[in-house]
Amino acid sequence: MQANRIHLILSDSKTETRKLAIFGSKYLSILTIEVSDDNASCTVEQTFGPFKDWIMDAQWMIENDDSSIQMSIVYAHNFMEIVRLNGSGSVDVLYSVQCQVRCILYSARIFGTTRDTLTIASGTVFNEVHIWKPLIKDECDDAVVYKKLIGHEGVIFCVRFNHDASQIASVSDDRTIRIWSLEDESKQPLILFGHTARVWDCQFVGQYLVSISEDSTCRVWKNALLQEDVEDEDNENGNDCIACWEGHASKNVWSCAINPEHNVVATGGQDSGIRLWSFASIKNSRIDSEEDLNSFPLPAERGKDYVRNFAMVKDQMLIGATTEGYLLKCDKSKNVWEEIQHDSSYRNYAIMKSSKCGRVVVIGNIYGDLIVISPENKFEPVKVPAHKQKLFEIFIESSSNENILYIVSNGYNERVLFHVLDLSSSKPSLETLYNIEMPVEKTTILSIGIVEEHNILICGSRESALLIYRIPSYRASLDHAVQRLKASLQLRRSHGRQAITSVLVRPRSRTDDDEEQETNGDVDFWTTGRDGCYIQYRLCLLKEASEKMPSDAGCTEAEEQETQLGVASRGDTLVRSRDMTLEKIYRNKVTKGTLEGSLFIDNELLLLGFFRKHFFVYNEKKNFVMTSINCGGGHRRWNFFADDAKLNKSAFAFIRKEVLFAHFRDISGMDEGFNDSILQQNYHGREVRALRFLELPCKGMKEPWPLLFVTGGEDTILRIQQYMPSSTSGFHTLVNIRKHTTVIKTIDYSQGSSTLLFTSGGLEELRCWKIEVLSPRAEQEPVHLNCLEMANCPALTKDIEVRIMDITTFAISPKYHIIGAVYSDSMIRFWLFNEDSRKFSLVADGTWHAKCILQICHVQVDGHVYFFTSATEGGIAMWDIHDELQSALEKVDELEAEPTLAAFRLSEPLHYYRTHMSGVNGLEAIPYKDKKHLLVVTGGEDNAVSATVLHIQDDNTIKPIGDSFIIPDAHASSVTGIKCVGDIIFTCSTDQRLNIWKVTNNLEDGSVSLTLSAATFLDVPDPSALDAVSLNGCIHAAATGIGLQSIKYGQLKQ
């Protein structure tokens, strides 16, 4: 398309070999698609254009008396033509007409493939849709508009006819979708609200409507205009969105296609991702009517008795306890209640929980007894008096032994007990081993998780406290009395003041070739809360402490160890005890409602919650609501079961108005039309503003070294990727994190005791991350990479317009890192980051440039560090604060006590010179020739590139060597990035050129000159960041803007 955007792809379904017409701007091309088995080929047959005007829509014409290719075309100035496309590339106009309303169009659509059936809908700048037929003219020989559709409050972005042109859909800048009846003018248009941003398209699919929007969603609606004599209340329900498919990053789903069978929807987003969605899943995923639920009322002969509590055994059976003390069971296929047991202790109160394996159900009564029953009557009920008061909650966890279950019971305002249930014999045994002590603060346990291989119990409370206990092996304690266990560590207010509703320990994969994983003392787990958030933690167990613990170790009554306390609301992200460290890795809010549970199935995290009247299951990995069930709102007693991550087999049950309801889903045999919902992985959803290659050590790996790079942009997402030439996209995303509030503008990293990544951008945000890289198991697999959030630098101003423009970092000692940052308010600040304390401290600040500072970099020469800054006035300043930084290291404790009070102020730069007429967007300084010379290269908004050699004299003054070498027309527009690799310099510009310059030494005066050695056109629009690295015998250069492009060079001659 000659570098033009493609606006539409039009299929010719009448031919045996599928032809496509694609158009964009003023050009149109004809393509041939051939598909055989799993292979497809595309051939461009002919390209036509430029046409007279921008093409808004095109349609194949089918005339019986002509075998040539004819098309009808609507143009942006509201006129149309019928043209013949000749094999020679020429175009013959067969018919042309101007619409009587002369205006600019935002959209248009053609219906009909013959002249007699042609109808055109024009979306005008007047917020109206005009319907006209090209063959019906007025006295001025203009086509007559015979219908105007008025009602939108914004420009019309798209219009579409249904299959017989009886209805038309229009979408607008006003965020609404309107469906108009073209046959019955008495019908009011159907107005659909729901998208939170501009709507780009809406298509008819049978009884449904499918829309895409700037809000990054694809929504499915019921077309209520197809229903006859619809009451107002039904109309209101029909206007609701019946499915909202979320999966694209950031904003804008630009395109949508539906297969001919109307069972698969494909969407393409601004994030470059392509996703598939199933229509077949709509009915099974969105349950809005009580008619879609199974009810399990008690038979009439039981009178006023009803099920007060229940447990669900997988998705097959329900066990209920009634108000009259009866224990009943019901098979879902029969819907008939059978009596299991009658016990007066169940009367009006019973707590129930089923095991994941489905072998047992544990019941707690009002007297504090624990009763273990078998749903399949494999053994007689076992009753153990455990508590003195009624049971508040029961938890059941599996073990590595299929015949052993761990049970934790929580008495109402009483103690918490840890039991072991042994199912190895025909008569199960229940042993109480530990009394789990609560802190002095009020703590009511609502959730637990057990890490069996490390003997760890994790508890979450109603008061938002997270407690960690060391428990001994139950095998070593069967002959002992009940032991008292005290928490080793606790974190209060982890979810604010809201309850922790679930603790989910990430299962470890158990493979013979992964001994390191088995011996690693790190435990990852998640918690969910009623604040709508989930949090990922890492619990690090110190081997030294673990090895000293005896077989019956634990914090018992004899040990007077203080429980280490952290408070999340005051910023504690790391809590240490003598033998463990709890670290918060990630926190994310996924709903305005509450999260009530979590599952980890098939390596995917599923979050369970309630929002308004619906229960939902949210896929954390794929970022969309998998199912939504109208149950009336949150319930005290509910159960959910899932057999797989796709919820092909799942069940949800709850009690409402004294009746037990359930929804059973089984679509394992249903053909959705595709195997994977992600056809192409997404990238950033908006402009990419920051790019950095990572040259990191990878444990246990030999050459070739992995090529890793980090990007960040307007969509606030931080992505760490690995170059994978064997993959379809050419790269693999290792980490995808959204923690920044606004744009990520710059990225840098520093290698000390650990590898630290620093990201910054709007609102003065400066964040620190810890990077860990481990070798892959197989040669062609990506590396294992962890990115842990370390700290967030404090902001010093209240002005929301102030942003960090650039940063530069280095390790001044193994545990201390220096971060130089320049700000849009002309401030220069130097921060110190302490790896041990995870704290930022301000070392120096000051202003010298009169304008906004754009860039900062540093260079180390013979152990001495120099900094360079550039600003919008076109000048470059050189700073020497090396000695002051070294002095600051001697008083780190004082700095951290007052982290926003600078140790010293910046004064005058060591050297200043000006080489540009306006802002300097590219700045790089490297050692040159020896330890006394520096090469500084810059690129500016004046399109120029300059190179300057500076001599560091014995008295530490700076002497320029010759004049700066300036190429005033190095690019056709503003230079946005510059990078040096040895004596090779890369520059990029908004002219979409990547230029390679060779540095030549001037032997007469020691200055340098630049010679253009190569230039490459970039496919990425608006390049804004550039980086390059020499790795594995090659040079990789990459530029980012609206996307990313990386180019691999052999070693260039230097």
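The domain assignment divides the chain of this predicted model into five entries, namely domain 1 (1–150), domain 2 (162–226 + 239–287), domain 3 (307–436), domain 4 (693–914) and domain 5 (935–952 + 960–1053). Two of these, domain 1 and domain 4, have C-alpha centres that lie 52 Å apart.

Within the residue range 960–1053, which the assignment gives to domain 5, one can follow a sheet in some detail. Strands of a sheet pair through backbone hydrogen bonds, and this pairing may be either parallel or antiparallel. Here 4 strands form an open sheet in the order E78-E79-E80-E81, and their pairing is antiparallel. Strand E78 (975–981) and strand E81 (1008–1017) stand at the edges with a single partner strand each, so one side of each is left without a neighbour in the sheet. On average, and with direction ignored, neighbouring strands of this sheet are turned by 25° against each other. Between strand E79 (residues 984–989) and strand E80 (residues 993–1001), which run antiparallel, there are 5 bridges, and Ile984 stands opposite Lys998 in E80.

The report now turns to the enclosed spaces. The structure holds 2 cavities of 30 Å³ or more, and the table sets out their volumes and the classes of the residues that line them.

| Cavity | Volume | Lining residues by class |
|---|---|---|
| Largest cavity | about 50 Å³ | 5 nonpolar, 3 polar and 1 charged residues |
| Second largest cavity | about 40 Å³ | 6 nonpolar, 1 polar and 3 charged residues |

Which residues line the largest cavity? The lining consists of Thr627, Ile629, Phe640, Leu647, Ser650, Ala651, Phe652, His663 and Arg665. Strand E52 (624–630), strand E54 (649–656) and strand E55 (659–666) each supply at least two residues of this lining, and among the contributors E54 gives the most, with 3 residues.

The second largest cavity is lined by 10 residues, and those that lie nearest its centre are Leu491, Tyr537, Asp572, Thr573 and Lys584. Strand E47 (574–576) and strand E48 (580–589) are the elements that give two or more residues to the lining of this second largest cavity, while the largest share, 3 residues, comes from E48.

Methods. Residues numbered from 1 in each chain as written. Predicted model: local features only at pLDDT ≥ 70, side-chain atom pairs only at ≥ 80, totals over all residues. Heavy atoms only, no water. Pairing = 2+ DSSP bridges. Axes fitted to C-alpha atoms, helices over the stretch in contact; angles between N-to-C directions. Domains from an automatic or database assignment. 1 Å grid on protein atoms, 1.4 Å probe; cavity = no way out; pocket = protein on both sides within 12 Å on 5 of 7 lines; lining within 4 Å. Points joined across faces, edges and corners; volume = space filled by probe spheres on them. Nonpolar A, V, L, I, M, F, W, Y, C, P; charged D, E, K, R; others polar.
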